Amino acid sequence: MMRTLAAVALTAGAMIFGGSAYGHHSFSATYLEDKTQKIEGKLVQFMYGNPHSFVNVEAPDNKGLMQHWAVEWIAG
(Lines give C-alpha, C1' and ligand atoms only; values in the text may rest on other atoms or scores of the structure.)
Protein backbone atom coordinates (compact mmCIF):
# COMPACT_ATOMS: atom_id res chain seq x y z
CA MET A 1 0.00 0.00 0.00
CA MET A 2 2.80 2.41 0.90
CA ARG A 3 4.61 1.68 -2.39
CA THR A 4 1.47 2.35 -4.38
CA LEU A 5 0.88 5.64 -2.58
CA ALA A 6 4.50 6.69 -3.17
CA ALA A 7 4.28 5.76 -6.86
CA VAL A 8 1.05 7.75 -7.28
CA ALA A 9 2.56 10.78 -5.52
CA LEU A 10 5.72 10.60 -7.64
CA THR A 11 3.75 10.28 -10.87
CA ALA A 12 1.46 13.18 -9.94
CA GLY A 13 4.45 15.36 -9.07
CA ALA A 14 6.17 14.55 -12.34
CA MET A 15 3.01 15.41 -14.29
CA ILE A 16 2.48 18.69 -12.46
CA PHE A 17 6.05 20.00 -12.39
CA GLY A 18 7.57 18.21 -15.38
CA GLY A 19 6.28 20.74 -17.93
CA SER A 20 7.71 23.75 -16.13
CA ALA A 21 11.11 22.12 -15.75
CA TYR A 22 11.18 21.36 -19.48
CA GLY A 23 10.34 24.95 -20.41
CA HIS A 24 13.40 26.52 -18.79
CA HIS A 25 16.53 26.85 -20.87
CA SER A 26 19.47 29.22 -21.15
CA PHE A 27 18.88 32.26 -23.36
CA SER A 28 22.61 32.94 -23.75
CA ALA A 29 23.26 29.34 -24.84
CA THR A 30 20.95 29.85 -27.83
CA TYR A 31 21.34 33.52 -28.78
CA LEU A 32 24.13 36.11 -29.09
CA GLU A 33 23.08 38.65 -26.49
CA ASP A 34 25.79 41.19 -27.38
CA LYS A 35 24.68 41.53 -31.03
CA THR A 36 21.68 43.40 -32.38
CA GLN A 37 19.92 43.37 -35.74
CA LYS A 38 17.66 46.17 -36.93
CA ILE A 39 14.76 45.11 -39.13
CA GLU A 40 12.37 47.63 -40.67
CA GLY A 41 9.52 46.28 -42.73
CA LYS A 42 5.91 45.18 -42.85
CA LEU A 43 4.55 43.33 -39.80
CA VAL A 44 2.97 40.17 -41.20
CA GLN A 45 2.06 38.21 -38.07
CA PHE A 46 2.34 38.49 -34.30
CA MET A 47 1.98 35.31 -32.24
CA TYR A 48 1.80 35.94 -28.50
CA GLY A 49 2.62 32.88 -26.42
CA ASN A 50 4.28 31.62 -23.31
CA PRO A 51 7.20 31.22 -22.85
CA HIS A 52 8.06 32.91 -26.18
CA SER A 53 6.28 35.19 -28.63
CA PHE A 54 7.07 35.51 -32.32
CA VAL A 55 6.90 38.35 -34.84
CA ASN A 56 7.02 37.72 -38.59
CA VAL A 57 8.22 40.64 -40.71
CA GLU A 58 8.70 41.13 -44.46
CA ALA A 59 11.75 43.32 -44.92
CA PRO A 60 14.70 43.70 -47.28
CA ASP A 61 18.03 42.06 -46.51
CA ASN A 62 21.44 43.73 -46.96
CA LYS A 63 21.18 43.30 -50.76
CA GLY A 64 17.69 44.84 -50.94
CA LEU A 65 15.89 41.54 -51.61
CA MET A 66 12.64 41.07 -49.67
CA GLN A 67 12.93 38.37 -47.03
CA HIS A 68 10.59 36.86 -44.45
CA TRP A 69 12.08 37.36 -40.98
CA ALA A 70 10.90 35.34 -37.96
CA VAL A 71 11.81 37.04 -34.70
CA GLU A 72 11.52 35.26 -31.35
CA TRP A 73 10.97 37.23 -28.15
CA ILE A 74 11.66 36.05 -24.66
CA ALA A 75 8.95 36.14 -22.02
CA GLY A 76 8.87 39.47 -20.21
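**Exercise 1. State the order of helices and strands along the chain.**

Solution. Read along the sequence, the pattern is α-α-β-β-β. That gives two helices and three strands. Helices (H or I, at least four residues) and strands (E, at least two) are DSSP runs, numbered from the N terminus. The model is predicted: local features need pLDDT of at least 70, side-chain atom pairs count only at pLDDT 80 or more, and totals for chains, interfaces and linings use all residues. Residues are numbered from 1 along each chain as its sequence is written, and side-chain values use heavy atoms, with hydrogens and water left out.

**Exercise 2. Describe burial and contacts for the chain as a whole.**

Solution. Start with burial. Of the 76 residues, 8% count as buried. Buried means under 20% relative accessible area, exposed over 50%, partly exposed in between (1.4 Å probe, protein chains only). Next, contacts, meaning heavy atoms within 4.5 Å. Take those between residues at least 6 apart in sequence: 12% join residues at least 24 apart.

**Exercise 3. Classify N56 as buried or exposed, and list what it touches.**

Solution. Locate N56 first: strand β2 holds it. Its relative accessibility is 8%, so N56 counts as buried. Now leave out residues up to four places away in sequence. N56 then touches K42, L43, V44, Q45, M47, H68, W69 and A70.

**Exercise 4. Place V71 relative to N56.**

Solution. V71 sits in strand β3 (residues 66-73). The two residues are 15 apart along the chain, and their C-alpha atoms are separated by 6.2 Å. V71 has a relative accessible area of 25%, so it is partly exposed. Beyond residues up to four places away in sequence, V71 touches I39, S53, F54 and V55.

**Exercise 5. Find the salt bridge and classify its partners.**

Solution. Apply the rule: a side-chain nitrogen of Lys or Arg within 4 Å of a carboxyl oxygen of Asp or Glu. The count comes to one. The partners are K38 and E40, at 3.0 Å, N to O. K38 is exposed, at 66% relative accessible area. E40 is exposed too, at 56%.

**Exercise 6. Name the residues of the nonpolar surface patch that includes Y48.**

Solution. Patches are made of residues with over 30% relative accessible area and no salt bridge; like charges are joined within 9 Å, nonpolar side chains (Val, Leu, Ile, Met, Phe, Trp, Tyr) within 5 Å. L43, F46, Y48 and W73 make a patch of about 520 Å². Areas come from the Shrake-Rupley method with a 1.4 Å probe; for residues, only the protein chains shown count as cover. Y48 lies in the loop between β1 (42-47) and β2 (53-60). At 74% relative accessibility, Y48 is exposed.
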